[in-house]
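Dear colleague,

Please find below the structure that I am handing over to you. My findings follow directly after it.

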Protein chains: 2
Amino acid sequence: MNLAALVFDAYGTLYDVHSVVRRCEALWPGKGAQLSQLWRARQLEYTWQRSLMRRYVPFSQVTMEALGYACESLGLKLGEAESAALREEYLRLATYPDVAPAMKRFEGRKLAILSNGSPDMLEPLARHSGLPFDAVLSVDEARIFKPAPEVYEIAVRKLGIAREEIGFVSSNCWDALGAKSYGFRAWWINRGGAPVDRLGPRPDAILQSLGDLPEILR
Amino acid sequence: MNLAALVFDAYGTLYDVHSVVRRCEALWPGKGAQLSQLWRARQLEYTWQRSLMRRYVPFSQVTMEALGYACESLGLKLGEAESAALREEYLRLATYPDVAPAMKRFEGRKLAILSNGSPDMLEPLARHSGLPFDAVLSVDEARIFKPAPEVYEIAVRKLGIAREEIGFVSSNCWDALGAKSYGFRAWWINRGGAPVDRLGPRPDAILQSLGDLPEILR
């Protein structure tokens, strides 16, 4: 398949956020799962709502504001120590076990991350994981979040590659569909067996793991 | 307070969607609450994601697509009869008990609905409830959903009243904050005792019921 670049979402696609859930549980025993779920839901909602309100702030701020909301909602006390512990957890997430072996098989193409994360979150994360990315791209320079087309446009501009020659991978179906709508080849990694989102376009393929992608690229 | 118009969100603010939950439970016993919750969450997410993707479709379509997703996710069979029953339920929602008495006390000001709902959903609903609205406004003409500023702008244009003279009421905090960000006076009806959303602006006041508004307007 004639693709010059592969672009990957970060959180939940390459990087497993489960350690954040574990840290929540350690800080507030018995509440970790519920807190993480509410936190993640508000984090995403705030990215969409702020984008539509034209009130962009970096993802690091959205993330902490969503945490503040979630803690208040559940009656949990969020002090500076808890905030700092969770902020740091985001900087050293582990990759999924299928990521490093698959990456080796993508040689010869440009490889990049394109994430909602702000540069202050993404750069330590990419450095920590030691994966061979040619570019670590943040929505921050477009000042709007996924799935706005301005975000996917960043990859075209920064990599200097036409949209038709870029393949995009995300474990968030709506993100894969945003990329598809913009004009990328787009694959959805459906680790949880969820239905396809009804947003118009369809993913080019649905993968169970990143390990299925090299086969598709032949 | 010198406000020439009061503009109200529809679903969840004036109109109680609980009868839809009841109908879900009647169609799929034991699953009504879970289905309704997932349906509502996806309905809103799709409005935000489609707005950002520049793939607007009317709310009636978003609503049925979200229902399709939610039923597939829970393994529930959605036939034409179930779809039609739920679509119709949306056209005859009851108003909350505090709505009709409060409306009588707003005389002398222009009163309008401003909703994500498409005209084919809103017009039967407003007619059915018999409330004295001067205008029933849909986001449909801006082809983008709340909380984009283009939506709140519709009220200014259609009512012919400056934004500073419009008061906006919603039970969705993010909607009240979208209106506030645009430049309306904005009140959040917080029937469920939730925290304020962290999106930048704050509501001008938080009400427990629409019955608290006449006092504030004095």
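**Aromatic pairs, a helix face and a pocket**

Tyr182(A) and Phe184(A) are both buried. Please bear in mind throughout that this is a predicted model. The ring centres of Tyr182(A) and Phe184(A) lie 5.2 Å apart with the planes at 85°, so this pair is edge-to-face.

Over all chains, the structure contains 27 aromatic pairs. Another of them joins Tyr56(A) and Phe145(A): the centres are 4.8 Å apart and the planes stand at 35°, so the pair is classed as tilted. Tyr56(A) belongs to the loop between α2 (32-53) and α3 (59-74) of chain A, while Phe145(A) belongs to the loop between β5 (135-138) and α7 (149-159) of chain A; the pair therefore ties together parts that are 89 residues apart in sequence. Tyr56(A) has a relative accessibility of 8% and counts as buried, because the cut-off is under 20%. Phe145(A) is likewise buried, at a relative accessible area of 0%. These two residues also belong to a cluster, linked by ring pairs, that includes Tyr11(A), Trp39(A), Phe59(A) and Tyr90(A).

Two arginine residues are placed over tyrosine rings. In chain A, the charged end of Arg191(A) sits over the ring of Tyr96(A), 3.6 Å from the ring centre. In chain B, Arg163(B) lies over the face of Tyr182(B), and the distance to the ring centre is 4.0 Å.

I turn next to helix α4 of chain B, which spans residues 80-89 and has Ser83(B), Ala85(B), Leu86(B) and Glu89(B) as buried residues. Viewed down the axis of α4(B), the buried residues fall within an arc of 165°, so they line one face of the helix. In general, an α-helix has 3.6 residues a turn, so residues three or four places apart point the same way. The buried residues of α4(B) pack against three helices of chain B, namely α1 (18-27), α2 (32-53) and α3 (59-74). On the face of α4(B) turned away from the buried side are the exposed residues Glu80(B) and Ala81(B).

Finally, there is a pocket that draws on both chains. This is the second largest pocket, with a volume of about 200 Å³. It is lined by 18 residues, of which Ser51(A), Arg54(A), Ile144(A), Leu52(B) and Arg54(B) are the closest to its centre. The elements that contribute two or more residues to the lining of this pocket are α2 of chain A and α2 of chain B.

With kind regards

Technical notes. Residues numbered from 1 in each chain as written. Chains lettered and ligands numbered in written order. Predicted model: local features only at pLDDT ≥ 70, side-chain atom pairs only at ≥ 80, totals over all residues. Heavy atoms only, no water. Buried < 20%, exposed > 50% of the residue type's maximum accessible area, 1.4 Å probe, protein only. Helix = DSSP H or I, 4+ residues; strand = E, 2+ residues; numbered from the N terminus. Arc of directions from axis to C-beta. Contact = heavy atoms within 4.5 Å. Phe/Tyr/Trp six-rings, centres within 6.5 Å; stacked < 30°, edge-to-face > 60°. Lys NZ or Arg CZ within 6 Å of the ring centre and 35° of its normal. 1 Å grid on protein atoms, 1.4 Å probe; cavity = no way out; pocket = protein on both sides within 12 Å on 5 of 7 lines; lining within 4 Å. Points joined across faces, edges and corners; volume = space filled by probe spheres on them.
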